[in-house]
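User: I should like to go through the terms used to describe this model and ask what each one rests on.

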Amino acid sequence: MISIGNDIVSLSSMDRQRTLDPRYYSKILSTGEVRLFSDHLAALEFEQYVWMAWSLKESAYKYLKRKIPVLEFSPTKFVVQTISEADVDFNSIIGGDWTFSDDDSLYSGKIKFDSNVLHFRAIKTPQWIASMVNLNDDFRNVSWAVQEIDGDNHELQSSGVRNFLLSELADIFTGDIVIRKDKVGYPVAFQNGEVLDFPISLSHHGRYVSYAFNLSMVGDLPMVGVVTETTGGTIRALVGDLPTVGVITEP
Amino acid sequence: MDRETILAELKKVMAPYTENKEKLAAITEETDLIKDLNINSSNLVDIIIDAETKYNVEIDMESSERMIRVGGAIDVIQEKLNKTA
């Protein structure tokens with residue numbers, strides 16, 4: 001089953017002092033995950049690591065919730081197994097209106113829940129941490145993007161993330177595209193009233209919105225973006241520089 | 001401590017984390033913190049820590065998944081209070 005899970009954390013919305021309190025972060029991290037935070041994550045402050053781990057757990061939860069509809073989110077049951085910094089050109093791996101700087105960094109690794117092992121990508125900037133998980137360390141046909149919006153109230157976040165996604169889907173699909181929620185609560189795209197059968201994940205926090213979707217089920221997307229090698233895999237840019245690639249009508 | 005009292009106190013605990021004050025005032029045991037009150041899930045740890053401080057109990061993260069609904073949160077707090085009593 002192909003799924004997708006993503007998440008974004010706005011760092012300015014979190015209480016730094018509180019995050020650094022062992023009583024607080026021990027509710028998010030296992031002792032093993034605290035140990036994982038070591039010298040090779042030099043570009044990451046501990047506070048950022050805590051929220052990256054949180055974000056990865058949320059992404060993994062969202063991925064698996066499609067498979068296991070009764071699943072409830074319990075952060076300590078999702079365990080980050082490996083994490084390493086990847087050396088890539090950011091502007092080629094993620095879309096949206098964001099210019100990456102030297103303060104930003106990209107990570108890849110694995111996260112586990114029970115017997116399920118998922119692969120992830122995560123980005124840290126001074127403002128936010130975003131993550132995305134996939135079944136394999138292969139992110140072909142996955143689009144992932146982050147955008148800053150004009151405010152942080154729920155209505156703006158909710159409409160902002162949908163409009164952001166729709167603006168990208170309009171470059172891939174023709175016709176009338178709308179996003180609705182299915183009965184479990186997942187976003188689903190419809191084309192002229194018909195379900196487009198590919199998984200979408202949305203997230204918003206503070207002034208940031210992010211989406212990810214996986215088009216493997218509806219066919220290969222033409223490789224139009226820049227493909228960037230990262231540690232053990234590739235992420236491709238779809239967003240921002242994606243030309244119209246025609247209609248994908250038959251799921 | 002009865003459930004109504006805990007529910008009333010939980011409103012105060014959750015207040016800093018939701019912008020939807022009308023829905024907060026009208027919560028029931030069925031209310032879902034994330035879906036109904038639009039509380040960001042990253043604030044769940046804050047709510048758990050605040051509840052721990054308020055009731056002087058320890059809430060393990062195994063219980064956290066039950067804290068998503070108001071009724072579940074009341075269950076957890078009552079159980080912890082009974083343990084320490």
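Analyst: The exchange below takes the terms one by one; the model is a predicted one.

User: What makes the strands S3(A) and S4(A) a pair?

Analyst: Two strands pair if DSSP finds at least two bridges between them. Strand S3 (residues 105–113) and strand S4 (residues 116–124) of chain A are joined by 9 bridges in the antiparallel sense, so they satisfy that criterion. Within this ladder A:Ser105 lies opposite A:Lys124. The hairpin of S3(A) and S4(A) has 2 residues between the strands, and A:Asp114 adopts a positive phi near 50 degrees there.

User: How do you know that S4(A) also pairs with S5(A)?

Analyst: The criterion is again at least two bridges. S4(A) and strand S5 (residues 128–134) of chain A run antiparallel and share 6 bridges. In one of these bridges A:Ile123 is partnered by A:Ala130 of S5(A). The hairpin formed by S4(A) and S5(A) has 3 residues between the strands.

User: Why is the length of helix H5 of chain A said to agree with expectation?

Analyst: The expected span is 1.5 Å times one less than the number of residues. For the 16 residues of H5(A) (residues 154–169) this gives 22 Å, and the end C-alpha atoms are 23 Å apart, which agrees.

User: What makes one face of H5(A) the buried one?

Analyst: A residue is buried if 20 or more other C-beta atoms lie within 10 Å of its own. In H5(A), the residues A:Gln157, A:Gly160, A:Val161, A:Phe164, A:Leu165 and A:Leu169 are buried. Viewed down the helix axis, the buried residues fall within an arc of 165 degrees and therefore line one face. The face turned away from this buried side carries A:Glu155 and A:Ser167, which are exposed.

User: Which strands do the buried residues of H5(A) pack against?

Analyst: They pack against strands S6 (142–148), S7 (177–181), S8 (187–191), S10 (200–205) and S11 (208–214) of chain A.

User: Which residues touch the most other members of the largest nonpolar core?

Analyst: This core has 77 residues, of which A:Ala53, A:Ala60, A:Ile111 and A:Ile129 touch the most other members. Its largest share, 11 residues, is supplied by helix H4 (residues 46–67) of chain A. Leaving aside neighbours within four places in sequence, A:Ile111 has contacts that include A:Leu56, A:Ala60, A:Phe78, A:Leu118, A:Phe120 and A:Val133.

User: How many residues does each chain bring to the contact between A and B?

Analyst: Chain B brings 13 residues and chain A brings 16. On the side of chain B that touches chain A, 5 residues are nonpolar, 5 polar and 3 charged.

Terms used
Residues numbered from 1 in each chain as written. Chains lettered and ligands numbered in written order. Predicted model: local features only at pLDDT ≥ 70, side-chain atom pairs only at ≥ 80, totals over all residues. Core = buried A, V, L, I, M, F, W, Y, C linked by C-beta atoms within 7 Å. Buried ≥ 20, exposed ≤ 12 C-beta atoms within 10 Å, placed from the backbone. Helix = DSSP H or I, 4+ residues; strand = E, 2+ residues; numbered from the N terminus. Contact = placed C-beta atoms within 7 Å. Arc of directions from axis to C-beta. Nonpolar A, V, L, I, M, F, W, Y, C, P; charged D, E, K, R; others polar.
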